[in-house]
Amino acid sequence: MADYRNYGARVPAAGSRADATIDPGLRAYMLKVYNLMAMGLAITGVAAYGLFMMATSGAPVEGGAQVRPDLWLTPLGVAVFTSPLRWVLMLAPLALVFFLSFRVHRMSVGAAQATFWAYAALVGLSLSTIFLVFTQESIVQVFFITAATFGALSLWGYTTKRDISGWGSFLFMGLIGVVIAMVVNIFLASSALGFAVSVIGVLVFAGLTAYDTQRIKEMYYEGDDVLAGGRKAVMGALSLYLNFINMFMMLLQLFGNRE
């Protein structure tokens with residue numbers, strides 16, 4: 001993913017980055033990042049639950065399929081959850097996030113935000129299957145656990161005076177290890193390995209939340225124009241959004257109640 005720590009930056013004058021407690025520009029910038037991220041999460045949630053509602057029925061339907069004693073797939077559900085279309089839903093978000101990362105420097109702020117919204121919606125569509133696997137109560141509970149954990153870690157990353165930039169290489173290696181282990185477990189289907197991946201994944205994305213918050217804070221430069229600042233805010237929101245979604249999925253694997 002593109003590194004935006006120095007995106008659009010010019011050499012700042014000494015002391016140009018004021019402390020967060022006295023710099024209204026930094027506060028406004030971070031507020032925009034969090035607002036964009038929150039909107040992305042809202043779009044993801046609406047898309048996920050909306051597709052689930054359209055793809056399932058509490059009674060048998062013509063052309064559908066039963067998935068639980070009390071739940072049937074509609075023809076739309078059969079198409080998106082059991083046909084090759086499901087691979088499109090899984091891979092489309094990946095393609096769009098790479099597109100945004102590599103093209104954002106050529107986009108207007110509006111176009112970058114719209115691409116982020118589209119990405120969040122596609123992620124929601126791909127995550128709609130969690131409602132087939134986990135109870136809705138546990139999904140809500142894990143979401144609030146994730147929100148509380150994320151909020152505390154992000155606040156610490158924003159306020160700490162400690163330089164945690166050195167965490168980056170270790171967290172990246174941990175992330176690569178988690179991805180490789182997840183791919184291997186697709187073939188092994190080991191519950192023990194799945195549990196270990198989820199635990200390590202939670203730790204990795206917890207660290208990334210604090211690390212990325214501090215990095216996004218350091219990306220701020222008071223001399224940025226509206227275009228550069230807007231692009232940075234979108235990419236910052238994307239980083240935090242990804243951390244939240246992945247932490248949520250790892251915690252759901254650990255604490256979610258299955259149907």
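Biologist: Over residues 72-102, how far apart are the end C-alpha atoms?
Modeller: This is a predicted model. Over residues 72-102 the chain is 84% helix and 6% strand. The C-alpha atoms at the two ends of that stretch lie 41 Å apart.

Biologist: What does UniProt call residues 72-102?
Modeller: The UniProt entry is unreviewed. It lists several stretches under one name, among them 33-52, 72-102 and 114-133. That name is "transmembrane region".

Biologist: And over residues 114-133, what is the distance between the end C-alpha atoms?
Modeller: Here the chain is 90% helix and 0% strand. The end C-alpha atoms are 30 Å apart.

Biologist: How many helices and strands does the protein chain have?
Modeller: From the N terminus, the order of elements is α-β-β-β-α-α-α-α-α-α-α-α. One helix comes before the strands, and the other helices follow them. The totals are 9 helices and 3 strands.

Biologist: What radius of gyration does the protein chain have?
Modeller: The C-alpha trace spans about 70 × 40 × 30 Å along its principal axes. For 259 residues the globule rule gives 18 Å. The chain's value is close to that, so the chain is as compact as a globular protein of that length. The radius of gyration is 20 Å.

Biologist: In what order do the strands of the open sheet lie?
Modeller: The sheet has 3 strands with antiparallel pairing. β1 (56-57) and β2 (65-68) each have a single partner strand, so they stand at the edges. The order is β1-β3-β2.

Biologist: Which residue in β3 stands opposite Ser57?
Modeller: β1 and β3 (residues 71-73) run antiparallel, joined by 2 bridges. Ser57 faces a residue of β3. That residue is Trp72.

Biologist: Which residue in β3 is the bridge partner of Ala65?
Modeller: β2 and β3 pair in the antiparallel sense over 3 bridges. A hairpin of 2 residues joins these strands. The partner of Ala65 is Leu73.

Biologist: What angle does the direction of α2 make with that of β3?
Modeller: α2 packs on the sheet. It touches both β2 and β3. Its direction and that of β3 make an angle of about 75°.

Biologist: Is α1 parallel or oblique to α2?
Modeller: The axes of α1 (residues 24-55) and α2 (residues 75-82) come within 7 Å. They cross at roughly 125°. That crossing makes α1, relative to α2, oblique.

Biologist: How many nonpolar residues are in the contact of α1 with α2?
Modeller: α1 brings Leu51, Met54 and Ala55. These meet Leu76, Gly77, Val80 and Phe81 of α2. By class there is 1 polar residue and no charged one. The nonpolar residues number 6.

Biologist: Are α4 and α9 roughly parallel or roughly antiparallel?
Modeller: The axes of α4 (residues 109-127) and α9 (residues 226-255) come within 9 Å. They cross at roughly 10°. Angles under 35 degrees count as roughly parallel. Therefore the two helices are roughly parallel.

Biologist: How many charged residues does the contact of α4 with α9 have?
Modeller: On α4 the contact includes Phe116, Tyr119 and Val123. On α9 it includes Arg231, Leu238 and Tyr241. The contact has 16 nonpolar and 2 polar residues. The charged count is 1.

Methods:
Residues are numbered from 1 along each chain as its sequence is written. This is a predicted model: local features need pLDDT of at least 70, side-chain atom pairs count only at pLDDT 80 or more; totals for chains, interfaces and linings use all residues. Side-chain values use heavy atoms; hydrogens and water are left out. Axes are lines fitted to C-alpha atoms, for helices over the stretch in contact, and angles run from 0 to 180 degrees between N-to-C directions. Helices (H or I, at least four residues) and strands (E, at least two) are DSSP runs, numbered from the N terminus. Angles under 35 degrees count as roughly parallel, over 145 as roughly antiparallel, 65 to 115 as roughly perpendicular and the rest as oblique. Contact means heavy atoms within 4.5 Å. Ala, Val, Leu, Ile, Met, Phe, Trp, Tyr, Cys and Pro count as nonpolar, Asp, Glu, Lys and Arg as charged, and the others, Gly among them, as polar. Two strands pair if DSSP finds at least two bridges between them. UniProt positions are given in the numbering used here, feature names are shortened, and annotations may be inferred rather than shown by experiment. The radius of gyration is taken over C-alpha atoms; the globule rule is 2.2 Å times the number of residues to the power 0.38.
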